[in-house]
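Reader: I'd like a close look at one part of this protein, please: the salt bridges. Start with what the term means, then show me how they sit in the rest of the model.

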Amino acid sequence: MHEHDVSANVLAVGWLRAIHLLARPVLGVPPDVLTGCGVLSALAAVWLASPAGAAPWLALAAIVATGVFDGLDGAVALRTGRARPLGAVLDAAADRLTELCFVAVLLVLGAPAAWCAAMAVLLLLHEYVRARAQAAGMRGAGAITVAERPTRLVVTAVAVTGSALAPAGTPWTGWPWGTTCAVLGTGLSLIGLAHLWVGVARAVGRPDEPGHDLG
C-alpha cells in the first residue's frame, strides 16, 4: 500500500470514529431529522456568508456542522437499525441540496454567476453519472475522485475562511475568495467527472456479446 493511501485511510478512519463518538448522544434522534438539520445548516451558511449576515466565522461553523450532520444521519441509522431505502434517497437529495448551498456561498462571496453555474452543473452531473452507472449494475463508487463531497465542503470552507482573514481578496490575483474557489471547484469538478467516467466505462462499458469469449 502506498504512503498516501495509508494517510487517506487514517484520515477516513479517524473521521468515522469521530462521527460515531458524536452519534452516541443523538442515537434517539431520527436520522431524517439529522439530515434535515444538515440542510438547515447549509442554508444558514449562505445567509451568514452574505453581506446581510456578515458573519463569516459563523458561516464556517455552519459549513462544518453540515458535514457533521451528513455523517451523523448515516451513523445513527446504522447503529440503531433504522437504515431504509427511503432514508438513503432522502439523504442523497439532501446532499445535492447542501452542495448547491455551497455553490451559493461562493456566489455571495463574489463569484461570478457563470462560474457558479458551471460548478453546480458539473457536481450534479458527477453524481448523476455515478447513480445511473450503479443503476446499470456498477458496484461501488466507480472511482473516488478529487471532486467528492468532502472536497466541495473544503473548497467552500476555504472561501469563507479566506474572506474573513483577507477580505481584500486572494493573494497575487486580488480576486474575491468566492471567485478563486469557484474556479478551483469547477476545475476539480471537471477533473473528477473525467476520472469518474473512466471508472464507469471500465465497470459497465463492456457489454457481453453472445459467442464472445471474454476468457
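Author: A salt bridge here is a side-chain nitrogen of Lys or Arg within 4 Å of a carboxyl oxygen of Asp or Glu. This is a predicted model, with pLDDT of at least 70 needed for local features and 80 or more for side-chain atom pairs, while totals for chains, interfaces and linings use all residues. Numbering runs from 1 along each chain as its sequence is written, and side-chain values use heavy atoms, with hydrogens and water left out.

Let's start with the backdrop. The protein has seven helices and zero strands (DSSP runs numbered from the N terminus: H or I of at least four residues for helices, E of at least two for strands). In sequence order that reads α-α-α-α-α-α-α. Across the whole structure, a search turns up nine salt bridges.

A good way in is E127, which sits in helix α5, residues 113-135. E127 pairs with R130 in a salt bridge, at 3.8 Å from N to O. The two residues are three apart in helix α5, about one turn of the helix. Both E127 and R130 are buried (under 20% relative accessible area with a 1.4 Å probe, protein chains only; exposed is over 50%, partly exposed in between). The pair belongs to something wider: salt bridges with shared partners tie D70, D95, R96, E99, E127, R130, E148, R149 and R152 into one network.

Stay with E127 for a moment. Its relative accessible area is 14%, so E127 counts as buried. Its side chain also makes a polar contact of 2.9 Å with the side chain of R152 (N or O atoms within 3.5 Å, one able to donate a hydrogen and the other to accept it; residues adjacent in sequence count only if both atoms are side-chain atoms). Setting aside neighbours within four places in sequence, E127 is in contact with R96, E148 and R152, where contact means heavy atoms within 4.5 Å. R96, E148 and R152 are on the network list too.

Now move over to E99. E99 forms a salt bridge with R96, where the closest N and O atoms are 3.0 Å apart. This pair, like E127 and R130, is spaced three residues apart: E99 and R96 lie in helix α4, residues 85-108. Both are buried. E99 has another partner as well, since its side chain meets that of R149 in a salt bridge of 3.2 Å, N to O. That one links distant parts of the chain: R149 is in helix α6 (residues 149-165), E99 is in helix α4, and the two positions lie 50 residues apart. R149 is buried, as is E99.

So much for the charged side chains; what about the nonpolar ones? The largest nonpolar core (buried Ala, Val, Leu, Ile, Met, Phe, Trp, Tyr and Cys joined through side-chain atoms within 4.5 Å) has 28 residues, and I63, V103, V105, L106, L109 and V160 have the most contacts inside it. At least two residues each come from α2 (31-49), α3 (56-80), α4, α5, α6 and α7 (177-204). Take V105: beyond four places in sequence, V105 touches A45, V46, A49, T156 and V160. Over the whole protein, 38% of the 215 residues are buried. Among contacts with a separation of 6 or more, 75% are between residues 24 or more positions apart.

One more buried polar residue is T179, in helix α7, with a relative accessible area of 10%. A polar atom of its side chain lies 3.0 Å from the backbone oxygen of G110. Beyond its sequence neighbours within four places, T179 is in contact with G110, A111 and P112.

How far can you lean on this? Mean pLDDT, the predictor's confidence in each residue from 0 to 100, is 89 for the protein, and 89% of residues reach 70 or more. Helix α5, home of E127 and R130, has the highest mean among the elements at 97, while α1 (residues 3-23) has the lowest at 65. Residues 1-9 are below 50, with two contacts in the model beyond near neighbours in sequence. Residues 209-215 also stay under 50, with one contact beyond four places in sequence. Where pLDDT is low, the predicted coordinates should not be read in detail.
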